Amino acid sequence: MRNRKSVRTITIASGKGGVGKTNVVANLAIALRKMGKEVLILDADLGLSNVDILLQLAPRYNIQHVIRGEKRLRDVIIEGPHGIKVLPASSGVQELTHLDAFQRMRLLEEFEEYDGDIDVLLIDTSAGISENVAFFCIASREIVIVTSPEPTALTDAYALIKVLFTRYQEKEFGILVNSARNPADAKEVFRKLAVAAGRFLNVSLDYLGYLPYDKSVHEAVRAQRPFVDMYPDAAASLALGELASRFAEPAREDAKGGLQFFMGNLFQMTGEAR
């Protein structure tokens, strides 16, 4: 990226699958784009990559081809609805955590030379507590944990936060409650998580809000369309817009989080892990 402007890098993770994380990422990207932001999604869900399915994209290449020197980064990044950009990486994520020095240098050079204009980088990780999830969380400036009112989702969200704190010393997390019945339901979910974290972990949890359970969301998924496009006035779309406005502000100039900084962090950690 030649303009070297500060980029907000936000990893969106969940302790449990099925809480709607990837759908949040896809719709958040579009909501931000409608606010005039240039958005890149890094699809880092190794186990269940769904960004391309949700957005009806058919990527021919992924970051694995860049790692192998077969394609340039600009050839792999594809354009989605409203001009959002998607970097398909899922099948190459495992390689990202096991790169040798030459491969890391090649990727850093690719990101250095990439001339796309990016304001926000959203990283969609796998669900759970894998090494890959931890790598992306630690490398990014902000971590958002998506959970739902289901007890198992809440338990797994706490487990993810606990691992990121105890093993990697991460202390700041944004919490988004998806599919809540109402504001009180969502805040009760957050309260339970905050009480447990306050009792056993020295972390800071920031309540980002909630997305209400909304049948229009499920209808949009079946139609493979973003719900913010298909049902812009639905309760979930309005709530998503409020969430997007929180991330529309530019990154602080003194904050870590540029795209090169993110990749540099990632590669430094992968190098240390080897």
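A residue counts as buried when its relative accessible area is under 20%, as exposed when over 50%, and as partly exposed in between (1.4 Å probe, protein chains only). Select the whole protein chain: buried residues make up 55% of its 274 residues.

You're looking at a predicted model, where local features need pLDDT of at least 70 and side-chain atom pairs count only at pLDDT 80 or more, while totals for chains, interfaces and linings use all residues. Numbering starts from 1 along each chain as its sequence is written, and side-chain values use heavy atoms, with hydrogens and water left out.

**The whole chain**

Switch to cartoon and you'll find 13 helices and 8 strands; these are DSSP runs (H or I of at least four residues for helices, E of at least two for strands), numbered from the N terminus.

**The sheet**

Now pick out the strands. All 8 belong to an open, mixed sheet with the order 3-4-2-5-1-6-7-8, where two strands pair if DSSP finds at least two bridges between them. Go to the edges: strand 3 (78-79) and strand 8 (204-212) each have a single partner strand, so one side of each is left without a neighbour in the sheet.

Next, select 142-147 and 172-180. These are strand 6 and strand 7, paired in the parallel sense over 4 bridges. Zoom in on V144 and you'll see its bridge partner in strand 7, G174.

Add helix 12 (235-247), which packs on the sheet and touches strand 1 (8-14), strand 5 (120-127), strand 6, strand 7 and strand 8. Touching here is contact, meaning heavy atoms within 4.5 Å. The direction of helix 12 makes about 150° with that of strand 8.

**A helix pair**

Select 151-168 and 183-200. Helix 8 and helix 9 pack here at about 35°, axes 10 Å apart; the axes are lines fitted to C-alpha atoms, for helices over the stretch in contact, and angles run from 0 to 180 degrees between N-to-C directions. Show side chains: L154, A157, Y158 and I161 in helix 8 meet V189, K192, L193, A196, A197 and F200 in helix 9.

**Two odd backbones**

Most residues other than glycine have a negative phi. Which way does phi go at Q56? It's positive, about 55°. Find Q56 in the loop between helix 2 (51-54) and helix 3 (63-67); Q56 is exposed, at 51% relative accessible area.

Last stop: Q224, in the loop between helix 10 (215-222) and helix 11 (227-230). Q224 also has a positive phi of about 55°, and Q224 is partly exposed at 32%.
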